[in-house]
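Trainee: Please pick one part of this model and go through it closely. Then place it in its surroundings.

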Amino acid sequence: MKLAVASGKGGTGKSMMATNLAFTLAWTGQVTLVDCDVEEPNLHLFFPAPATTRDVTMPVPVVNESLCDHCGKCGKFCQYGALTVLPDRVLFFPELCHSCGGCRLVCPKNAIREEPKKIGTLSTSAPMPGLTLVSGTLDEGSPHAVPVIRDAKKHAARGPVVILDTAPGTSCPVVEALEGCDACILVTESTPFGLHDLQLAVDVAARLGIPAGIVINRSDGNDRETLRFCTDHDLEVMMTVPFDREIAAIQSRGDLLCRVKPEWQKDFWALFAKCRALTGVDG
Ligand code: SF4
Ligand code: SF4
């Protein structure tokens, strides 16, 4: 089962939900937790452990100027403006390249070959029995978050339960993380901003055809607007976490609620059962 944890905006407690859910489930089974927030991965802070790392690369074109006659076909083909053909050379802008490989195919002189370019790192660790943590990290300045997320997902695909902690928001990296998931937990706060961003996240999940349920975090008990929205959109509120200074303190010192206060594990088990029910699997 592939389960995404997402939120329309940052700071709602999305990582808190993903880490505690993974920690709870790992006591009785195999769980893979994937940090898809590749521009700012932080799940390793909650699960410190030695990790193995490898590069994430994408193929980019390299022009052999001795074969090139500067016909311009590659530049015309590239929809992303990554190639500009001048009378005496071809300019390549790697940050614009999407690795489609088309320029190599259209070159009549076979002057283009592909070479791997490093765009990020993938690290894998086993911080506790039953839990594998896969973290994608985008290289500084690289705009290619999506291929790093795709690689992290592919690497994690073998686990029976895979939990993906997405980036905040509703942009392309979030869509990439959500794609192919069986269900999605949308974490929100009962504030006007929280509700606005929840609406966007619900819309993205619906467009991708992924069943979604809601977690209200840091609730002060005044959740009326959020509850009304959920009722109107036929969304189940699967869990409500109260605003609590002790929970905030546990989180901010890099610890886990379910590790410090194991009585919370039953709530995360109940959350997981509801996620399974969302996918049509009971219990
Ligand atoms: S298509 Fe090939 S030959 Fe034409 S400009 Fe591009 S690299 Fe050169
Ligand atoms: S691989 Fe595709 S995106 Fe990259 S330069 Fe070639 S045509 Fe453009």
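Mentor: Take the open sheet: it has 9 strands in the order 3-6-7-2-8-1-9-10-11, and the pairing is mixed. The model is predicted, so local features need pLDDT of at least 70 and side-chain atom pairs count only at pLDDT 80 or more, while totals for chains, interfaces and linings use all residues. Residues are numbered from 1 along each chain as its sequence is written, with chains lettered from A and ligands numbered from 1 in the order in which they are written. Helices (H or I, at least four residues) and strands (E, at least two) are DSSP runs, numbered from the N terminus. Two strands pair if DSSP finds at least two bridges between them.

Back to the sheet, at its edges. Strand 3 (51-63) and strand 11 (237-242) stand there. Each has a single partner strand, so one side of each lacks a neighbour in the sheet. Neighbouring strands of this sheet are turned by 20 degrees against each other on average, direction ignored. (Axes are lines fitted to C-alpha atoms, for helices over the stretch in contact; angles run from 0 to 180 degrees between N-to-C directions.)

Now strand 9, residues 183-188. Is it enclosed or not? Strand 9 is largely enclosed by the rest of the structure, because 6 of its 6 residues are buried. Buried means 20 or more other C-beta atoms within 10 Å of the residue's own, exposed means 12 or fewer, and partly exposed lies in between; C-beta atoms are placed from the backbone. In a regular strand, side chains alternate between the two faces of the sheet. Here Ala183, Ile185 and Val187 point one way from strand 9. Cys184, Leu186 and Thr188 point the other way, and all are buried.

Strand 9 has pairings to follow. Strand 1 (residues 2-6) pairs with strand 9 in the parallel sense, over 4 bridges. Leu3 has Ala183 of strand 9 as its bridge partner. Strand 10 (residues 212-219) also runs parallel to strand 9, and 5 bridges join the two. There, Ile185 is partnered by Gly213 of strand 10. The connection goes through a helix: strand 9, helix 7 (residues 192-207) and strand 10 make a right-handed β-α-β unit. Right-handed means that, with the strands pointing away from the viewer, the path from the first strand over the helix to the second runs clockwise.

Carry on to strand 11. Strand 10 and strand 11 run parallel, joined by 4 bridges. Ser219 stands opposite Pro242 in strand 11. From strand 10 the chain crosses through helix 8 (residues 224-232) to strand 11, and this β-α-β crossover is right-handed.

Elsewhere in the sheet, strand 2 (residues 31-35) pairs with strand 7 (residues 131-138). That pairing is parallel, with 5 bridges. Val34 stands opposite Val134 in strand 7. Helix 1 (residues 14-25) packs on the sheet. Helix 1 touches strand 1, strand 2, strand 7, strand 8 (161-165), strand 9 and strand 10. Contact here means C-beta atoms, placed from the backbone, within 7 Å. The direction of helix 1 makes about 165 degrees with that of strand 8.

Next, the setting. The protein chain has 11 helices and 11 strands. Of its 283 residues, 42% are buried. Among contacts with a separation of 6 or more, 74% join residues 24 or more positions apart. Helix 9 (residues 245-252) contrasts with strand 9: 0 of the helix's 8 residues are buried, whereas 6 of the 6 residues of strand 9 are. Just after helix 9, Gly254 takes a positive phi of about 80 degrees.

Two loop residues also deserve a look. His70 has a positive phi of about 60 degrees although it is not a glycine. His70 lies in the loop between strand 3 and helix 3 (73-77). His70 counts as partly exposed because 17 other C-beta atoms lie within 10 Å. Asn110, also not a glycine, has a positive phi near 50 degrees. Asn110 sits in the loop between helix 4 (102-106) and strand 6 (112-128). With 10 other C-beta atoms within 10 Å, Asn110 is exposed.

Last, the ligands. Ligand 1 has 14 residues around it, and Cys68, Cys71, Lys73, Cys74 and Cys107 come nearest. Ligand 2 is surrounded by 13 residues, the closest being Cys78, Ala82, Cys97, Cys100 and Cys103. A residue is near a molecule if its C-beta atom, placed from the backbone, lies within 6 Å of it.

Notes: Contact = placed C-beta atoms within 7 Å.
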